[in-house]
Amino acid sequence: MHLYLIRHGQSYINLPDWQGKNADEALTALGQRQADALAAWLPQHIQPPDALYASTMRRARATAEQVARAYDCSIRFDDRLREVGTNRLDHTAWGEGELPDRYAEYWATARPFAPVVHPYEFSESYMHFRTRVGHFLEELIDQHRGQTVMAVCHGGVIDAAFDHVFNVGPWRRCEIWTHNTGLTYFEYMEHPGREAWRLHCHDRTDHLVGVK
């Protein structure tokens, strides 16, 4: 399986003057241009996916819609691809108007077993988040062996995917930074006795040259 993880375009939540609240925000004008550039670049370099997945959050949906138009394919929206702190501890997404608007004072990976958002009731921890991302990845292996899969998601999801694939313990020592619309390519290998995953590239942003 060829798996391409794509971070969404710039959203208002990514702006330097954002107040740190947890919110389901749309793309900025720059984010839309980034998504447009990504969609123009992808079909020239990567074969049409057998499946295109996306987070249900607005910034990922808008980015995925551009990718879907470029390949003339449908999108499979999946709540497991939402950013950390935007699902309950049972992995279900918060309903309309229910999303907790404040993250905890500590960074999620600094206290991986602690609640991520206020109020704490029903808040997922970073380990809950890793579990839902890992469950998504393992399900892909079962459903898409030998196929090409794209997933438009969030920087935190890509971090958690690295944790899962590299079997990292609860406390990480290195942040895996991904720029907006950066592309990461993993391949799931069918070689018994060897590593299951192969990393080809991370945070590829060729398509952003000249985008301002």
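# Exercises on the sheet and its helices

Five bridges is the count to start from: 5 bridges join strand E1 to strand E7, and the two run antiparallel. The model is predicted.

## Exercise 1. Place E1 in its sheet

Task: Work out which strands flank E1, and in which direction each one runs.

Solution.

Step 1. Read the order of the sheet. It is E3-E2-E6-E1-E7-E8, an open sheet of 6 strands. E1 stands between E6 and E7.

Step 2. Take the E7 side. The pairing is antiparallel. One pair to find there is histidine 2, whose bridge partner in E7 is glutamate 187.

Step 3. Take the E6 side. E1 covers residues 2–7 and E6 covers residues 148–153. They run parallel and are joined by 6 bridges. Here isoleucine 6 has valine 152 as its bridge partner in E6.

Step 4. Put the two sides together. E1 has a parallel neighbour in E6 and an antiparallel neighbour in E7. The sheet has mixed pairing.

## Exercise 2. Find the edges

Task: Which strands stand at the edges of the sheet, and why is one side of each left without a neighbour?

Solution.

Step 1. Go to the two ends of the order E3-E2-E6-E1-E7-E8. These are E3 and E8.

Step 2. Locate them in the chain. E3 spans 76–77 and E8 spans 197–204.

Step 3. Give the reason. Each has a single partner strand, so one side of each has no neighbour in the sheet.

## Exercise 3. Buried or exposed?

Task: Decide whether tyrosine 4 is buried or exposed, and list what it touches.

Solution.

Step 1. Locate the residue. Tyrosine 4 sits in strand E1.

Step 2. Look at the strand. In E1, 5 of the 6 residues are buried, so the strand is mostly covered.

Step 3. Apply the cut-off. Buried means under 20% relative accessible area. Tyrosine 4 has 10%, so this residue counts as buried.

Step 4. List the contacts, leaving out residues up to four places away in sequence. Tyrosine 4 touches Ile46, Thr148, Val149, Met150, Ala151, Leu183, Thr184 and Tyr185.

Step 5. Check a residue further along the chain. Arginine 76 is 72 residues from tyrosine 4 in sequence. Their C-alpha atoms are 15 Å apart.

## Exercise 4. Compare two helix pairs

Task: Classify the packing of H1 with H2 and of H3 with H4 by their angles.

Solution.

Step 1. Start with H1 (residues 29–45) and H2 (residues 58–71). Their axes cross at roughly 30° and come within 9 Å. That makes H1 roughly parallel to H2. The crossing is right-handed.

Step 2. Read off the residues. From H1 come Gln32, Ala35, Asp36, Leu38, Ala39, Leu42 and Pro43; from H2 come Thr63, Gln66, Val67, Ala70 and Tyr71. By class, the contact has 8 nonpolar, 3 polar and 1 charged.

Step 3. Zoom in on aspartate 36, which is found in H1. Aspartate 36 is partly exposed, with a relative accessible area of 35%. Threonine 63 is 27 residues away in sequence and 8.1 Å away, C-alpha to C-alpha.

Step 4. Now take H3 and H4. Their axes lie 9 Å apart, at an angle of about 75°. The two helices are therefore roughly perpendicular.

Step 5. Read off this contact too. H3 supplies Tyr126, Phe129, Arg130, Val133, Gly134, Leu137 and Glu138; H4 supplies Gly156, Val157, Asp159, Ala160, Ala161, Asp163, His164 and Val165. The split is 8 nonpolar, 3 polar and 4 charged.

Step 6. Follow H3 to the sheet. H3 (residues 126–143) lies across E1, E2, E6, E7 and E8. The angle to E2 is about 165°.

## Exercise 5. Check the backbone

Task: Where do the cis peptide bond and two positive phi values fall?

Solution.

Step 1. Find the cis bond. The bond runs from histidine 118 to proline 119, with omega near -5°. Proline 119 belongs to the loop between E5 and H3.

Step 2. Find a positive phi in a loop. Threonine 181 has phi near 65°. This residue lies between H4 and E7. Threonine 181 is buried, at 0% relative accessibility.

Step 3. Find a positive phi in a strand. Aspartate 203 has phi of about 60° and is not a glycine. Aspartate 203 lies in E8. At 16% relative accessibility, aspartate 203 counts as buried.

Terms used: Residues are numbered from 1 along each chain as its sequence is written. This is a predicted model: local features need pLDDT of at least 70, side-chain atom pairs count only at pLDDT 80 or more; totals for chains, interfaces and linings use all residues. Side-chain values use heavy atoms; hydrogens and water are left out. Two strands pair if DSSP finds at least two bridges between them. Helices (H or I, at least four residues) and strands (E, at least two) are DSSP runs, numbered from the N terminus. Contact means heavy atoms within 4.5 Å. Axes are lines fitted to C-alpha atoms, for helices over the stretch in contact, and angles run from 0 to 180 degrees between N-to-C directions. Angles under 35 degrees count as roughly parallel, over 145 as roughly antiparallel, 65 to 115 as roughly perpendicular and the rest as oblique. A crossing is left-handed if the near helix is turned anticlockwise from the far one by less than a right angle, and right-handed if clockwise. Ala, Val, Leu, Ile, Met, Phe, Trp, Tyr, Cys and Pro count as nonpolar, Asp, Glu, Lys and Arg as charged, and the others, Gly among them, as polar. Buried means under 20% relative accessible area, exposed over 50%, partly exposed in between (1.4 Å probe, protein chains only).
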